[in-house]
Amino acid sequence: AGLETHVTTWVMPHENYLRRMGLEIHEIAEAAPVTSIVLDTEEPWTLANNPMGWSRAAELVSEVLGSLRWGVTGIGYASPTKLGPLVKRGRFMLPQCYATNDTKLRPAQVAPVLCKRWREAFEDRDLVVGLAAYNQNGIAGHTVGSAMLAAFQGAQAQRPVAVSHWSLSAIRNSAAVQRAMTAITRLVAVEHGPVT
């Protein structure tokens, strides 16, 4: 069908967890083609109890994932101290540039502001921009469609290798979000050829 598979997993800076994660990720990758692994470094990573050192944890992640293609996702204002060692070992970085009805950054601003912050805070890597598909109702001055389009255009201006929308359930459960995703896909097809 021409689909790529990207596996997302929480990651925690604990040796037992990371070794088990590596085994399970390799089992998944052996069972089906996996394009990349996305390590989600939200609170289980940043607020972990008794974490091993951030550099050692990042080394262990690199060791257990081996030759698999992997990258790091996290909040836009993620800690350079806690994420830096991990981001610099990954192949790509995926800042969560989420403009929703309860965030201060406007849809058109969110990717330029947060991508710049990640590029300055971490070693530059291939950029995948994470955008929100949830809580798009009620963004001042926008419809669901115009908010998502503005966020997408702001992301495209950052020259990413890809854009990722969170989450599938938000897309599946909202006709307005589905229409916006269709419009964005058509826009990409007009500018760059068919989406594959």
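**Exercise 1.** Is Asn135 buried, partly exposed or exposed?

*Solution.* The model is predicted, and each value below is computed from it.
Step 1. The relative accessible area of Asn135 is 37%.
Step 2. Buried requires under 20% and exposed requires over 50%, with partly exposed in between.
Step 3. Asn135 is therefore partly exposed.
Step 4. For its setting, Asn135 sits in the loop between strand 5 (126–132) and helix 6 (144–156). Its backbone has a positive phi of about 50 degrees, although the residue is not a glycine.

**Exercise 2.** Determine where Asn50 lies and assign its exposure class.

*Solution.*
Step 1. Asn50 belongs to the loop that runs between helix 2 (43–46) and helix 3 (54–65).
Step 2. The phi angle of Asn50 is near 50 degrees, a positive value in a residue other than glycine.
Step 3. The relative accessibility of Asn50 is 72%. Since exposed means over 50%, Asn50 counts as exposed.

**Exercise 3.** Identify the residues joined by the cis peptide bond at Ser167, and place Ser167 among the secondary-structure elements.

*Solution.*
Step 1. The peptide bond that leads from Trp166 to Ser167 is cis, and its omega is near 10 degrees.
Step 2. Ser167 lies in the loop between strand 6 (162–166) and helix 7 (168–172).

**Exercise 4.** Describe the order of helices and strands, then assess the compactness of the protein.

*Solution.*
Step 1. The protein contains eight helices and six strands.
Step 2. Along the sequence, these elements follow the pattern β-α-β-α-α-β-α-β-α-β-α-β-α-α.
Step 3. The radius of gyration is 17 Å, whereas the globule rule gives 16 Å for 196 residues; the two values are close, so the protein is as compact as a globular protein of that length.
Step 4. The C-alpha trace spans about 45 × 40 × 30 Å along the principal axes.

**Exercise 5.** What share of the residues is buried, and what share of the accessible surface belongs to carbon and sulfur atoms?

*Solution.*
Step 1. Of the 196 residues, 42% are buried.
Step 2. The accessible surface of the protein amounts to about 10,500 Å², and carbon and sulfur atoms account for 52% of this area.

**Exercise 6.** State how contacts are distributed along the sequence and how far apart the mean positions of the positive and negative charges are.

*Solution.*
Step 1. Consider contacts between residues at least 6 apart in sequence: 73% of them join residues at least 24 apart.
Step 2. The protein has 18 positive and 16 negative charges, and the mean positions of these two sets are 6 Å apart.

Technical notes
Residues are numbered from 1 along each chain as its sequence is written. This is a predicted model: local features need pLDDT of at least 70, side-chain atom pairs count only at pLDDT 80 or more; totals for chains, interfaces and linings use all residues. Side-chain values use heavy atoms; hydrogens and water are left out. Helices (H or I, at least four residues) and strands (E, at least two) are DSSP runs, numbered from the N terminus. The radius of gyration is taken over C-alpha atoms; the globule rule is 2.2 Å times the number of residues to the power 0.38. Buried means under 20% relative accessible area, exposed over 50%, partly exposed in between (1.4 Å probe, protein chains only). Contact means heavy atoms within 4.5 Å. Accessible areas come from the Shrake-Rupley method with a 1.4 Å probe; for residues, only the protein chains shown count as cover. Lys and Arg count as positive and Asp and Glu as negative; His and the chain ends are not counted. The place of a charge is taken as NZ of Lys, CZ of Arg, CG of Asp or CD of Glu.
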